[in-house]
Amino acid sequence: MGKFCEVCKKGVTYGNSVSHSHHKTRRTWAPNTQRVRVLVNGTPQRMYVCTRCLRSGKVERAL
């Protein structure tokens, strides 16, 4: 899937994975992006959009 949302620009964030013994290793959190057809200025276009933007209605889907 895409690395970032083309609507809200939400991208990959980084942090630590901490074990029970408090051993830290680097890990990533990626947004849940979907490649969907949306209307941009009245024309359908394929974009990577996160599910938060889809649910909140920030984009209009082209059916």
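## Exposure and Y14

A residue counts as exposed when its relative accessible area is over 50% and as buried when that value is under 20%. Keep that cut-off in mind for this predicted model, starting with Y14, a residue of strand β1. Its relative accessibility is 60%, so Y14 lands in the exposed class.

Which residues does Y14 touch, once those up to four places away in sequence are set aside? The list is R26, R27, T28 and W29. With T28, the C-alpha to C-alpha distance is 4.6 Å, while the two residues sit 14 residues apart in sequence.

## The β1-β2 hairpin

Those contacts make sense to look at alongside the strand pairing. Strand β1 covers residues 13-18 and strand β2 covers residues 24-29, and the two run antiparallel with six bridges between them. One of the bridge partnerships joins V18 to K24 in β2. Together β1 and β2 make a hairpin, with five residues in between.

What about the rings here? R27 puts its charged end over the ring of W29, at 3.9 Å from the ring centre. Aromatic pairs are another story: searching the whole structure turns up zero of them.

## Two positive phi values

Most residues other than glycine have a negative phi, which makes the next two worth a quick look. H22, in the loop between β1 and β2, has a positive phi near 65 degrees and is not a glycine. N41, in the loop between β3 and β4, is not a glycine either, and its phi is positive at about 55 degrees.

Are these two loop residues buried or exposed? H22 is exposed because its relative accessible area, 54%, is over the 50% cut-off. N41 is exposed too, because its value is 79%.

## The nonpolar core

Now for the inside. In soluble globular proteins, nonpolar side chains tend to be buried together. Which residues make up the largest nonpolar core in this model? There are eight: C5, V36, V38, M47, V49, C50, C53 and V59. Strands β3 (33-40) and β4 (43-50) each give at least two residues to this core, and β4 has the largest share, with three.

V49 is a handy core member to click on. Leaving out residues up to four places away in sequence, V49 touches C5, V36, V38 and V59 as well as V7, N32, T33, Q34 and L54.

Definitions and conventions:
Residues numbered from 1 in each chain as written. Predicted model: local features only at pLDDT ≥ 70, side-chain atom pairs only at ≥ 80, totals over all residues. Heavy atoms only, no water. Pairing = 2+ DSSP bridges. Helix = DSSP H or I, 4+ residues; strand = E, 2+ residues; numbered from the N terminus. Core = buried A, V, L, I, M, F, W, Y, C linked by side-chain atoms within 4.5 Å. Buried < 20%, exposed > 50% of the residue type's maximum accessible area, 1.4 Å probe, protein only. Contact = heavy atoms within 4.5 Å. Phe/Tyr/Trp six-rings, centres within 6.5 Å; stacked < 30°, edge-to-face > 60°. Lys NZ or Arg CZ within 6 Å of the ring centre and 35° of its normal.
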